[in-house]
Amino acid sequence: MDEIFHVPQAQQYCLGNYNEWNDKITTLPGLYLLSTSVIRIFQLFLKETEPLSLCGTYWLRLSNVVLSTFNFVLLFKIFTHLNSKGLQNIKYPNLFSLISAFSLSLFPLNYFFQFLYYTDTGSTFFILLCYYFQLKSKYDLSAVCGSIAILYRQTNVIWLGFCTILIILSNIESLFVIENKNILRKNIDETTLTAITQQRNKKHSNLFDLLAKAPNEVFTKNFNFVKFLQKLYREDFWGKKLIYSDIFKVIDLKILQPFMIAILTFLFFVYVNNGIVVGDRSNHQASFHLYMTNRKSRAGSEEKPTVSKSKKPPSTGSPNDSIKLFIIPVVIATAVGASVYYNNWLGRQVNTPLNEPRIINESDYKSTDNLDRYWGTYRSQLYFGLKTRSPNPLLAGLMWFNQFNQRFQMRHWCDQGDGLLKYGWIAHDGRNFGIHDVYESNENGFSLRTSWVKRNGGKDGGDWTARVKATSFSSENPPQFVSLIFYFATDYTGWIKSVKKTSATSSLLTGETKDVGNFKIKINILENEGQNVFLDQVTGNISAVHLKESLLQNGFFDRKKTKTGNLKEYIGFKKERSEPIIDSNFIAYQISGFLPLEFEVLFESDSLREELKQNNKPEPPELKNGEFDSLLVEYHTKFTDKFEEIFKLREKNFSSSAVLTAQCALSNMLGGIGFFSGQSIVSSLNNKSPVLYWPANLYTAVPSRSFFPRGFLWDEGFHNILISKWDLDITKDIIGHWLDLINVEGWIPREVIFGDEARAKVPSEFWIQNNQYANPPTLFLPLSQVIHRVNQRVQNTDEKSHENNPDFVYLKKIYNRLNHWYDWFNQTQIGKVPFTYRWRGRVSDSKSELNPKTLTSGLDDYPRASHPNDQERHLDLRCWMTLASKVMSDLSEIVLSNSDSKSKSYTSHFEVLKNNKLLDDLHWSGSQYADYGLHSDRIKLVRQKPTDERTPPQSMPMVRFVEVEPKEQFVNSVGYVSLFPMLLELIDPQSDKLGHVLDQLRDPKMLWTNFGLRSLAKNAPLYDKRNTEHDPPYWRSAIWINLNYLALKSLKFYSTVDGPHKEKAASIYTELRTNLINNIVRNYETTGYIWEQYNDITGRGQGSHPFTGWSALVVLIMSEVY
């Protein structure tokens, strides 16, 4: 055997003589590299100094024996995997796998070589490992193992190619979804389709099963080789070719890249080496032969040694040959390693932050300009909750329940299911104070007012006080015994130091956290008209996420006896849990009593007092009673005065009720601003599974505290149109936080669900954000005005200090980040035709949707091309990118100059996109502006027929049925999308098409209603139709305030510029504005809520509520501040 060559060569490696090489050895040095590396490790572990101590024949053979054991384990795992996929009918699959693995391990050609120092065992091990990783879809590891196998034997490149083909076949198999009948070519009838389905469901449709049964057919009398190949092709590939004509859909270059690099590197080696064999080639010439009669041919791929009579040692090759042997594995390893590294690098792009200066740094939260916003009502999802703007905040919140209600209902998080008559902020300035009202259900029959005021100062956000008052709806109601619970919690970055109940109606605690330093909290129960009030407290260490559930489920409450005549017992905190627990992260106070019931919570920061002491100023009075009242009145007065100064509603003769509606809309927008910390869950084509975004913070308004208490990218642009009019610095801060979420690719997640509190309100299937999917870049809406207002502030300062001016620095930072975001859209969301754009994320093979949704557009179920493909042209996205180009052009002129090449490119792109002739060529259908794509209007939902008589027909799902085959055409449904060129003021005022759009807008048969513009024309095929049997219409009839706002803004524009449609635009503007205002105010007066959308027939509010995201734009509609 060749062992007489292998052992000495391995011993040369043990001695470190890597330049020595025996010409009789014709394989690459994988065998020696692996075994001697392991031996070196053992030598270090055993502290052996003699190089050949563990490098004798015994130890070298032992390395193969160990690998043979691993081969058995690998065979068992491979059989187990294969059996789980295709042999479900085996009674004892694990036993079957064990016996099969044992049987193959004893295969004679393999078994006897296991006890010698030979290449077979190691070669087999790495090939099996390569195949196993391929089965487990760990393709990088599979390629690495296959490359190592080549270092054992060059012929193993065949098996590496085999695994590559398996991956391609697997991709073909996974893509072949026969249930999707809509993707079949038009000439495929139902009979053919059924036949294909049955054929593909047969077990022998697998290529390897076909090859396995081939010998039986070969030895039949009438065997025809050509027909057999035709049958093989038909049975395994015909259906796939029929449906998937594009082979590139199954060749995943990212997965195949390591395999291709390894194979190409090997081919390069063959070319350089002039053959596969290394060393002595005289007895290893490649040739075709029919009979292996020669003894040398039967000996295998390695030449048997010829020992001369003189017993001279075998000759060694030249140093150049040895160097060549080392270069080959190094090249292969480097190439495969580079491929693996590159793929991993691609996978990391999705969660790698953009390498540009951050706009908002954590140190900014405590800067002089921002300290008055350090504490705030940033727990948007709570009826009342406070926290600091910091990653490790101190949390405060309010819960309550009616003691003697028939149904125990504890309130904490905003929930539409609570059935409250109404709730919301009636005044909030976004910085210093807020007043929040809750009107409980008629069953509970009381209201709750929470007033909150801050006293700024110190380095930790200053002091604040919250006053809570519960009052019965009517004095005629039976006495109500209510418990109000106010709590504080941390996420274990701070603790409660001490708790002291100073009296029956007051308590004092001290504590410290990382972000607010040392503090004191005082609870004072105010007079209660002589009624008994009970103050209970509890401390502990519990999760701050599900506080209500933790209190209810973990035994914090018990029935407590009283000594009062009219009350025998009530539900309160257990006595044994009321003893102070030092270093706890949670404390709650329960104030229980008959209504009316009122108490105050005072938070006092030590840093404020230290600052006053250093400046020799007296300590301020406690922020309670009269001091609290006067400061609340002061802030409230400033709020109402500022509101009138900006929006001038009283000057416009609006009623007091309408003004109150507008103030509440703005206050709920500001009071709903949240601060979130955490990591998004994101996915990418370059990752096999979702990964975590980097830890980040987000300061943002939310659409709805009850239903959408998290950040939405496309909503936030509309939010800040209003917020920027009220407080420009808040908008700058919000936009900065969003732009800081841009990754190195230039992408921003559509929804930001940071932290456990936010995720608790979102179904898990919506947690993951995909980096292929965009959202309308609506941040450019407020930015179109913000950049000019900020620049005006810069111009009002000394010109020499512009570069260091904070506002100018801000503009430069947002420009750098917006530049990447803009480029991302133009790289990932472009269409096939130049200067067209297409939303990604539509499901092309949906069989349950009437019209596959376009969630990325923000318009969800608005009708698009019925059969999504890459030829679509989406009008609204093109219009958004026109707006983005204009804003980037303006911004680049400010921070660069109008002569800069980048600034010129933005301007040029804007001019091209705004060009009405090009817009009309791409999106004017002849009667309207529209999307373009593969479309049919003749589609409906039909219920599938039962497969047997026992199945009730109504239990069968509804599926999409195409009555008329689609064709490439415009999607002629008048609605919000068809208005977009007008909404973003892109239509030339002189264009006759503007008049056509205005006519459609004003036509009651299309978009016009007495309550606002409906989202889809009444004569559209999908007007008010469900998208699935469980999915009611969303953007197919209802009136949405955000796009009505854009309509009014554009109508105002067209009514002020010269053109043939000026008067028509002015008339529609006046009428539409009046309709919208009257309907929103009327709904608020009758329901107490501003709604997500309004019914186009009745005008009634519908959807989530309160919805004081973009629906709060009614304030700007009333004020005509666009």
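This report walks through a predicted model of a protein chain, from its overall make-up to two helix pairs and one serine.

## The whole chain

Let's start with the big picture. The protein chain has 1122 residues, and 54% of them are buried. Its secondary structure comes to 32 helices and 29 strands.

What about the outside? About 50600 Å² of the protein chain is exposed, with carbon and sulfur atoms supplying 55% of that area. As for contacts between residues with a separation of 6 or more, 70% of them link residues 24 or more positions apart in the protein chain.

## Helices H1 and H2

Now for a pair of helices. H1 covers residues 3–14 and H2 covers residues 30–46; their axes come within 9 Å and cross at roughly 50°. An angle between 35 and 65 degrees falls in the oblique class, so H1 and H2 are oblique to each other. The crossing of H1 past H2 is right-handed.

Which residues in H1 and H2 meet? On the H1 side you'll find His6, Gln9, Ala10, Tyr13 and Cys14, and on the H2 side Leu31, Tyr32, Leu33, Thr36 and Arg40. Sorted by class, the residues of this contact between H1 and H2 are six nonpolar, three polar and one charged.

## Helices H24 and H26

Further along the chain there's another pair to look at. Helix H24 takes in residues 806–828 and helix H26 residues 901–914, and their axes come within 13 Å, crossing at roughly 45°. That crossing angle is why H24 and H26 count as oblique to each other. H24 passes H26 in a left-handed crossing.

From H24, the residues taking part are Tyr815, Asn819, Tyr822, Asp823 and Asn826, and they meet Lys902, Tyr906 and His909 in H26. The contact of H24 with H26 breaks down into three nonpolar, three polar and two charged residues.

## A closer look at Ser683

Finally, let's zoom in on a single residue. Ser683 sits in strand S18, which spans residues 681–683. Is Ser683 buried or exposed? Its relative accessibility is 15%, and buried means under 20%, so Ser683 counts as buried.

Who are its contacts? Setting aside neighbours within four places in sequence, Ser683 is in contact with Val350, Pro690, Ile768, Gln769, Asn770 and Asn771. Take Gln769 from that list: Ser683 and Gln769 are 86 residues apart in sequence, yet their C-alpha atoms are 6.1 Å apart in space.

How values were computed:
Residues numbered from 1 in each chain as written. Predicted model: local features only at pLDDT ≥ 70, side-chain atom pairs only at ≥ 80, totals over all residues. Heavy atoms only, no water. Axes fitted to C-alpha atoms, helices over the stretch in contact; angles between N-to-C directions. Helix = DSSP H or I, 4+ residues; strand = E, 2+ residues; numbered from the N terminus. Parallel < 35°, antiparallel > 145°, perpendicular 65-115°, else oblique. Left-handed = near helix turned anticlockwise from the far one by under 90°. Contact = heavy atoms within 4.5 Å. Nonpolar A, V, L, I, M, F, W, Y, C, P; charged D, E, K, R; others polar. Buried < 20%, exposed > 50% of the residue type's maximum accessible area, 1.4 Å probe, protein only. Areas by Shrake-Rupley, 256 points an atom, 1.4 Å probe, with all protein chains shown as cover.
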